[in-house]
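I sat down with this one to look up helix packing, enclosed space, the sulfur link and any odd backbone spots. My notes follow in the order I made them.

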Amino acid sequence: MFTRGLVYCAALLGLSTAYAAPHYARSNDSLPNPSAQQVMAIEQQAKGRLSNAPPPKTLSQAGIANFQLIAFNENLEVKFFEEVISNITRVTNYTSKSSSRSVEEILEVLKTVKAQEELHALTATNTLQHFNASLVPVPCTYNFPVTTLEEALNLAETLTAVVLGTLQDAEQSFAQNGDDGPVRAVSSVIGQEGEQNGFYRSLLNQKPSEKPFLTTNVAAFAFSALQQFVVSCPFDVSQIPLPIFPALNVLTTAEARDMYLHFSADLSGNTQVNENSDFSKLSITYLVGQQLPISEPIVNPKLDGGVLTFDALFPYTENIMSGLSIAALTNSSDFANADAIVANTLAAPGLIQVKDLLSSSK
């Protein structure tokens with residue numbers, strides 16, 4: 001996009017974890033406000049430069065919200081990869097049993113990925129600063145539930161798959177609000193994130209390309225999903241104009257077959273949910289690929305202390321639900337598109353992964 005000039009101008013002006021304590025990312029790169037020299041070092045490690053294209057003349061309020069979410073997510077990703085790199089270098093048993101790649105090769109790739117994510121974060125940050133956004137998210141304190149390299153790679157693959165769906169939503173929003181300026185740059189990031197995920201999937205002995213049309217997502221679900229890794233932030237996250245839904249926990253490992261999955265959601269904060277509620281009207285609504293939302297009625301609902309547990313069909317066969325599916329507990333069904341789900345959501349997202357292992361790994 002147009003961030004390199006802005007960065008240099010700014011620089012010239014002045015749920016168990018592998019870690020003993022939550023991590024506040026302290027990077028040698030001084031994000032979110034690196035010096036010009038630090039930016040050059042990041043670009044060298046990332047194997048490419050920030051765009052020097054001029055900024056668009058305008059950006060809608062929806063576009064600013066998109067970049068606030070992108071910055072929030074990219075800050076988290078930078079710190080996640082920083083943690084993984086740190087653990088590879090200092091923890092002797094931090095290895096992956098399934099990968100044919102050496103730890104040294106994986107480390108080399110992850111260092112490059114971290115630098116690329118830093119440039120993504122700088123792009124979002126400087127876009128917001130250029131348009132005088134009321135909030136420019138900075139890094140938070142995080143806790144990542146990984147204890148081995150294999151767990152880290154699985155989490156990286158899931159997070160990146162969610163990001164790939166969320167950036168689809170951002171592009172849709174840009175189109176709807178006349179924000180054509182950022183489209184080329186954000187599209188280039190989608191391609192880069194796809195390259196990342198193909199690598200992670202290969203390391204995990206899965207086919208690099210997950211499906212012909214990657215699963216879409218909506219901004220509110222992405223923002224809600226990221227909260228599980230956040231311990232605290234030096235700003236009020238409610239300033240990002242997106243709802244944060246109660247977590248939808250998927251308690252069954254999904255397989256490549258039709259089956260019932262067991263879910264739970266803490267709805268104690270929802271005053272409209274009580275023991276007298278008609279739970280027969282609730283559904284699990286799935287996003288998978290580019291299909292219209294798929295809703296299945298919940299069964300066996302039980303409310304205990306505000307926590308609702310229930311089952312719902314996972315209709316794999318008809319919908320070929322390989323890879324990532326995103327679930328929401330909704331009070332309606334028959335949605336026209338992904339955007340329509342948000343207003344009828346009680347808890348989300350449930351992230352469901354059906355692994356497509358290479359034949360030699362089965």
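## Notebook: packing, voids and backbone

**Entry 1, α5 and α6.** I began with a helix pair and found that α5 passes α6 in a left-handed crossing. Before going further, I noted that this is a predicted model. I then pulled the geometry: the axes of α5 and α6 are 9 Å apart, and the packing angle is about 160°. Angles over 145 degrees count as roughly antiparallel, so α5 is roughly antiparallel to α6.

**Entry 2, α3 and α5.** Next I took α5 (residues 149-176) against α3 (residues 61-90), and their axes come within 11 Å and cross at roughly 165°. That angle makes α3 roughly antiparallel to α5. I checked the hand as well, and α3 passes α5 in a left-handed crossing. What is the contact of α3 with α5 made of, by residue class? I got 18 nonpolar residues, six polar and one charged.

**Entry 3, α2 and α4.** I looked up one more pair, helix α2 (residues 36-46) with α4, and got axes 8 Å apart and an angle of about 130°. That angle makes α2 oblique to α4. The hand of the α2 and α4 crossing came out left-handed.

**Entry 4, the largest cavity.** I moved on to enclosed space. The largest cavity holds about 160 Å³. I listed its lining, 15 residues, and those closest to the centre are Leu69, Ile70, Asn73, Thr166 and Leu167. Which elements each supply at least two residues of this lining? They are α3, α5 and α7 (219-226). The largest share is from α5, with seven residues. Sorted by class, the lining of the largest cavity has 10 nonpolar residues, three polar and two charged.

**Entry 5, the second largest cavity.** This one has a volume of about 30 Å³. I wrote down its lining: Phe80, Phe81, Val84, Leu110, Leu149, Ala152, Leu153 and Ala156. The elements giving two or more residues to it are α3 and α5. Here too I asked about the largest share, and α5 has it with four residues. By class, I count eight nonpolar residues in the lining of the second largest cavity, no polar ones and no charged ones.

**Entry 6, the second largest pocket.** Then I turned to an open site. The second largest pocket has a volume of about 400 Å³. I found 21 residues lining this pocket, and the closest to its centre are His120, Thr123, Ala185, Ser188 and Val189. Where does the lining come from, taking elements that give two or more residues? I noted α3, α4 (103-130) and α6 (183-203). The class split for the pocket lining is 11 nonpolar, seven polar and three charged residues.

**Entry 7, the disulfide.** I ran a search for sulfur pairs and the count came to one disulfide. Which cysteines does the disulfide join? It joins Cys140 to Cys233, with S to S at 2.0 Å. I read 100° about the S-S bond, and the link of Cys140 and Cys233 is right-handed. I also placed both ends: Cys140 is in the loop between α4 and β2 (141-142), while Cys233 is in the loop between β3 (230-232) and β4 (248-250). The two are 93 residues apart, so the pair links distant parts of the chain.

**Entry 8, backbone oddities.** A reminder to myself before this check: most residues other than glycine have a negative phi, and most peptide bonds are trans. I flagged Lys47, which has a positive phi of about 65° although it is not a glycine. Lys47 is in the loop between α2 and α3. My other flag is the peptide bond from Ala348 to Pro349, cis or trans? The bond from Ala348 to Pro349 is cis, with omega near -10°. I located Pro349 in strand β11 (residues 345-354).

**Entry 9, pulling threads together.** Going back over my pages, I see α5 turning up repeatedly. It packs with α6, its axis comes within 11 Å of that of α3, and it gives the largest share of the lining of the largest cavity and of the second largest cavity. I also have α3 on the list for the lining of the largest cavity, the second largest cavity and the second largest pocket.

Terms used
Residues are numbered from 1 along each chain as its sequence is written. This is a predicted model: local features need pLDDT of at least 70, side-chain atom pairs count only at pLDDT 80 or more; totals for chains, interfaces and linings use all residues. Side-chain values use heavy atoms; hydrogens and water are left out. Axes are lines fitted to C-alpha atoms, for helices over the stretch in contact, and angles run from 0 to 180 degrees between N-to-C directions. Angles under 35 degrees count as roughly parallel, over 145 as roughly antiparallel, 65 to 115 as roughly perpendicular and the rest as oblique. A crossing is left-handed if the near helix is turned anticlockwise from the far one by less than a right angle, and right-handed if clockwise. Ala, Val, Leu, Ile, Met, Phe, Trp, Tyr, Cys and Pro count as nonpolar, Asp, Glu, Lys and Arg as charged, and the others, Gly among them, as polar. On a 1 Å grid over the protein atoms alone, a cavity is a set of points where a 1.4 Å probe fits but cannot get out, and a pocket is an open set with protein on both sides within 12 Å along at least five of seven lines; lining residues have an atom within 4 Å of a point. Grid points are joined across faces, edges and corners, and a volume is the space filled by probe spheres set on the points. A disulfide is a pair of cysteine sulfur atoms within 2.5 Å.
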